[in-house]
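Open your viewer and get ready to click along. We will move from one selection to the next and say what to look for at each stop.

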Amino acid sequence: MQNQVQTISTHGFNDQKPGTSGLRKKVQVFQQTHYLENFVQSIFDTLEVPLGATLTVGGDGRYYNRHAIQTIIEMAAANGFGHVLVGQAGILSTPAVSHIIRKYHTFGGMILSASHNQGGVHGDFGIKYNISNGGPAPEKITDEVFAKSKVITQYKTVKFAPVDINTLGKTEFETDRGKFTVQVIDAVQDYADLMQTLFDFTAIKKLLASGFKMKFDAMHAVTGPYAQEIFVNRLSAPESSLMNCLPSEDFNGGHPDPNLTYAADLVAIMFSGANAPDFGAASDGDGDRNMILGKNFFVTPSDSLAVLAANATLVPAYASGIAGVARSMPTSGAVDRVAVKLNIPCYETPTGWKFFGNLMDAGKVTLCGEESFGTSSSHVREKDGLWAVLFWLNVLAQKYALDGMASVETMLKAHWLEFGRNVYSRHDYEAIPTDAANAVMQHIKGQFESLPGQKFGHYQVGSCDDFSYHDSIDGSVSKNQGVRILFVDGSRIVFRLSGTGTEGATLRIYLEAYETDSHKQHLDAQIALAEMIKIGLQISQLVALTGCVSPTVIT
Ligand code: G16
């Protein structure tokens, strides 16, 4: 039977501006009549979709994914796509979508995820669109999508019987636009195969067989099945190496954000003393973030990027060296020091993985990272949680092969000894009133002229600005990307409003100081940065302006 394309009347919404990474809203917001359809149609209207093109679709398994997938399939058919590749059960991690777009040369992909935000009926839902290089749509696309979403008057769809996305295989439909197929693909195999081409699985297997204990926490999110295949099936790690590996629609009531606050169960295991595992890691809702832990030891994401860059040649895929590195502005300058030693360029971009895409496509950088627990390389165009875990394991496996020991803490301390330590911490004030958050930012900007030269305890302000980025590849300029107070000794405090929250505003304070004294490098970051924390509060008047007396999350 031929299915007819239907045109449905609708009206615009004013709140569909994509944030740092796609559109994220409460599930109830997405459940408003036509809300989801309007956003999807605005994306399709922004793109020039060649007739018969292929779209990749998948998500992190959170509540509302299945409904959204059916809607997107129907709308894709009506908008001229000829094929949709969908992950089995609707599951595809964000890096897996990026890989599938690249491997099968699909026109683009839709990722249904609100990443590390909570899920479930009362939680968050989200959609990201990725372009044909596998990376997040750049701002020129997301800005146009937003403009269209405000004035949209109709969307196109074709009504199909629900597609069985649980079963692998192809379903064919006839529409009045032609043939249309939905292919349900294995969510894990392509990605696991890719990992096996990048890393030395034999060396990692040996490390894991040597008595070295690891623990990976999938936080009831998308990486569960990937971890099972990679660590247990391919690397022969015992089942006990994994925890929370069954994806659930509400992440089992948890907050799938791999940091010291929300990955509390893993943190408790890793900080349990002499019997703690040697290596711990967690990933987030959609599998693009990672947290790395050693035995009773936390690795900041900024340090993790620096260590990976410094040791890249120990990993087969990067054995001949890396072209360059990039980090988001608030990420610490630890990797910059490694880049100097390696004599490779280091780029500073705004927060958001989309800003790395052009640099990677141009072959200027190989490794990228962000303080927000994101690290990856040009093997895909997204950050990649399990990739980072495997990278660490591969480097540790090489250390084990060379010295007979593999310790995360030893590696970090040796790194600090060689490069100095960029002591780093981020303080988040979540879900505060938007007006109060804006008032804090305005209050700081109001001091731009008077701050330079002022002394605060041991620190003197050198300069301050609101970070702007000029993309050297496409010439685009992104302004207002975070307020920086730069001190004369290289320390800095950055204030920024998050672009991923769904409730009020989240104000982030990023604190960084540089320590060369090896006797002080082992201090807890909160102690080492205590004076900077006070200065940040003093300059921002955050407590008086927001009423918040302490951060909700410290990483
Ligand atoms: C997203 C982006 C990242 C960004 C992070 C934090 O991560 O992909 O590039 O660093 O948000 O952004 P913000 O500070 O604006 O909240 P994810 O894992 O949520 O997709």
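The tour visits the ligand and its surroundings, then turns to some cysteines. Keep in mind that this is a predicted model.

**Stop 1: the ligand.** Select the ligand to begin. The space that the ligand takes up is the largest cavity.

**Stop 2: the shell.** Now show the residues around the ligand: there are 19 of them. Which come nearest? Colour Thr20, Glu370, Gly499, Thr500 and Arg508, because these are the ones that come nearest to the ligand. Next, try colouring the shell by residue type: one residue is nonpolar, 10 are polar and eight are charged.

**Stop 3: polar contacts.** Zoom in on Thr500, where a polar side-chain atom lies 2.5 Å from an oxygen atom of the ligand. Then select Asp288: an N or O atom in the side chain of Asp288 is 3.4 Å from a ligand oxygen. At Gly352, look at the backbone instead, where an N or O atom lies 3.4 Å from an oxygen atom of the ligand. How much of the ligand does the protein bury? Taken alone, the ligand exposes 470 Å², and the protein buries 99% of that.

**Stop 4: the cysteines.** How many disulfides does a search of the whole structure find? The search finds zero. Select Cys346 and Cys368 together: the sulfur of Cys368 is the nearest cysteine sulfur to that of Cys346, yet it is 9.9 Å away. A disulfide needs the two sulfur atoms within 2.5 Å, so Cys346 is in no disulfide.

**Stop 5: buried or exposed?** Stay on Cys346, which is partly exposed, with a relative accessible area of 29%. Finish at Cys245: its relative accessible area is 18%, and buried means under 20%, so Cys245 is buried.

Notes: Residues are numbered from 1 along each chain as its sequence is written. This is a predicted model: local features need pLDDT of at least 70, side-chain atom pairs count only at pLDDT 80 or more; totals for chains, interfaces and linings use all residues. Side-chain values use heavy atoms; hydrogens and water are left out. A residue is near a molecule or strand if one of its heavy atoms lies within 4 Å of it. A polar contact is a pair of N or O atoms within 3.5 Å; within protein, one must be able to donate a hydrogen and the other to accept it, and residues adjacent in sequence count only if both atoms are side-chain atoms. Accessible areas come from the Shrake-Rupley method with a 1.4 Å probe; for residues, only the protein chains shown count as cover. On a 1 Å grid over the protein atoms alone, a cavity is a set of points where a 1.4 Å probe fits but cannot get out, and a pocket is an open set with protein on both sides within 12 Å along at least five of seven lines; lining residues have an atom within 4 Å of a point. A molecule sits in a cavity or pocket if more than half of its atoms lie within 2 Å of its grid points. Ala, Val, Leu, Ile, Met, Phe, Trp, Tyr, Cys and Pro count as nonpolar, Asp, Glu, Lys and Arg as charged, and the others, Gly among them, as polar. Buried means under 20% relative accessible area, exposed over 50%, partly exposed in between (1.4 Å probe, protein chains only).
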